[in-house]
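Trainee: I should like to examine one aspect of this model closely, namely its charged side-chain pairs and the elements that carry them. Would you take me through that part in a single connected account?

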Amino acid sequence: DYFGELLAQAAGAGASILGGCCGTTPAHIAQAARALEKPGTRLWAQPAPAGAAGAALPGRNRLRDKLEAGRRVVAVELDPPADDRVDAFMEGVRALRDAGADAVTVADCPVGRPRADSSLLACKIRRETGAEPLPHLTCRDRNLNATKALLLGLSMEGVHNVLLVTGDPIPTQDRDEVKSVFNFNSRKLIRYVSGLTDSGLSTPFQIFGALNVNAPNFQKQLELALEKEEAGAAGFLTQPVHSPRALQNLALA
């Protein structure tokens with residue numbers, strides 16, 4: 001009776017959807033239905049906001065468009081600041097934008113040391129400079145739920161390019177106080193984000209992976225890259241090419 005009476009009051013106050021939570025039984029719902037059928041109980045019909053029907057149109061991804069057109073792309077990496085003073089970092093972003101860089105990539109706590117969050121900086125870059133950010137996302141210290149929440153926030157802010165990497169472990173000298181948490185690797189993360197794109201995001205993510213052209217066993221790196229491509233990676237960023245061997249490896253890729 002108490003449950004039904006309060007739901008009827010909620011309907012009278014303007015609620016358009018009514019129901020119960022944990023512990024609600026068929027008897028509760030039946031009593032609520034009887035209370036709502038009493039004369040004088042107003043059931044409000046909330047009109048849908050204009051333009052609500054239909055799926056949102058996908059947003060433009062300038063970096064993806066340029067890559068798909070076969071045009072040369074220039075991406076420059078800026079390390080995030082180790083404190084909350086961001087002016088010099090943002091000046092660097094604007095200088096790169098004005099010089100013609102197509103994307104500014106931002107590492108996710110490189111070498112496992114804490115720095116300003118790459119995703120938050122990506123949103124700030126996009127919002128305040130109009131430059132195209134490419135945040136790195138590591139598998140370290142996030143489970144899949146936290147990663148999905150972060151990606152949804154990036155998408156809302158118009159950030160649709162991500163570099164997904166496993167990430168460096170915490171430095172040895174810090175492990176007494178800080179523990180590395182790895183629930184998955186970069187291939188699984190790429191597959192997960194690719195699945196998110198297929199599940200109804202208004203604008204798909206362009207997913208990039210990492211390829212180490214300086215690795216002693218480069219054949220293994222190629223095998224991993226093929227797995228990443230199969231999982232949904234559209235492209236790869238490599239380490240710098242400073243040797244003939246690295247150039248040969250790049251040609252093999």
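Trainee: How many salt bridges does the structure hold?

Mentor: The structure, which is a predicted model, holds 13 salt bridges. I shall discuss some of them, beginning with the confidence of the model. The mean pLDDT of the chain is 87, and 91% of the residues reach 70 or more. Over residues 45-56, however, the pLDDT is below 50. Apart from near neighbours in sequence, that stretch has two contacts in the model.

Consider next two pairs and the exposure of their partners. Arg-64 and Asp-65 join their side chains in a salt bridge, with an N to O distance of 4.0 Å. Arg-64 has a relative accessible area of 15% and is buried, because the cut-off for a buried residue is under 20%. Asp-65, at 31% relative accessibility, is partly exposed. In the salt bridge between Asp-83 and Arg-85, the closest N and O atoms lie 2.9 Å apart. Here Asp-83 is partly exposed, its relative accessible area being 37%, whereas Arg-85 is exposed at 62%.

The pair that leads into the fold is Arg-187 with Glu-227, a salt bridge whose closest N and O atoms are 3.3 Å apart. Arg-187 belongs to helix α7 (residues 186-198) and Glu-227 to helix α8 (residues 218-231), so this salt bridge ties together parts that are 40 residues apart in sequence. Both partners count as partly exposed: Arg-187 has 21% relative accessibility, and Glu-227 has 36%. Elsewhere, salt bridges with shared partners link Arg-62, Arg-126 and Glu-132 into one network.

Helix α8, which carries Glu-227, merits a description of its own. α8 has 14 residues, and from the first C-alpha to the last it reaches 20 Å, close to the 20 Å expected at 1.5 Å a residue. The buried residues of α8 are Phe-218, Leu-222, Leu-224, Ala-225, Lys-228 and Ala-231. As background to such a list, an α-helix has 3.6 residues a turn, so residues three or four places apart point the same way. Just after α8, Gly-232 adopts a positive phi of about 135°.

The same helix also takes part in a crossover: the chain passes from β5 through α8 to β6, and this β-α-β crossover is right-handed. The two strands, β5 (residues 206-211) and β6 (residues 235-238), pair in the parallel sense over four bridges. Within that pairing, Phe-208 has Gly-235 of β6 as its bridge partner.

Finally, the network residue Glu-132 leads to another strand through a contact with Ala-103. Ala-103 is located in strand β2 (residues 103-106) and is buried, with a relative accessible area of 1%. Setting aside residues up to four places away in sequence, Ala-103 touches Leu-63, Val-74, Ala-75, Val-76 and Glu-132. For one of these, Val-74, the C-alpha to C-alpha distance from Ala-103 is 6.7 Å, while the two residues are 29 apart in sequence.

Note on methods:
Residues are numbered from 1 along each chain as its sequence is written. This is a predicted model: local features need pLDDT of at least 70, side-chain atom pairs count only at pLDDT 80 or more; totals for chains, interfaces and linings use all residues. Side-chain values use heavy atoms; hydrogens and water are left out. Buried means under 20% relative accessible area, exposed over 50%, partly exposed in between (1.4 Å probe, protein chains only). pLDDT is the predictor's confidence in each residue, from 0 to 100. Contact means heavy atoms within 4.5 Å. Two strands pair if DSSP finds at least two bridges between them. A crossover is right-handed if, with the strands pointing away from the viewer, the path from the first strand over the helix to the second runs clockwise. The expected span of a helix is 1.5 Å times one less than its number of residues.
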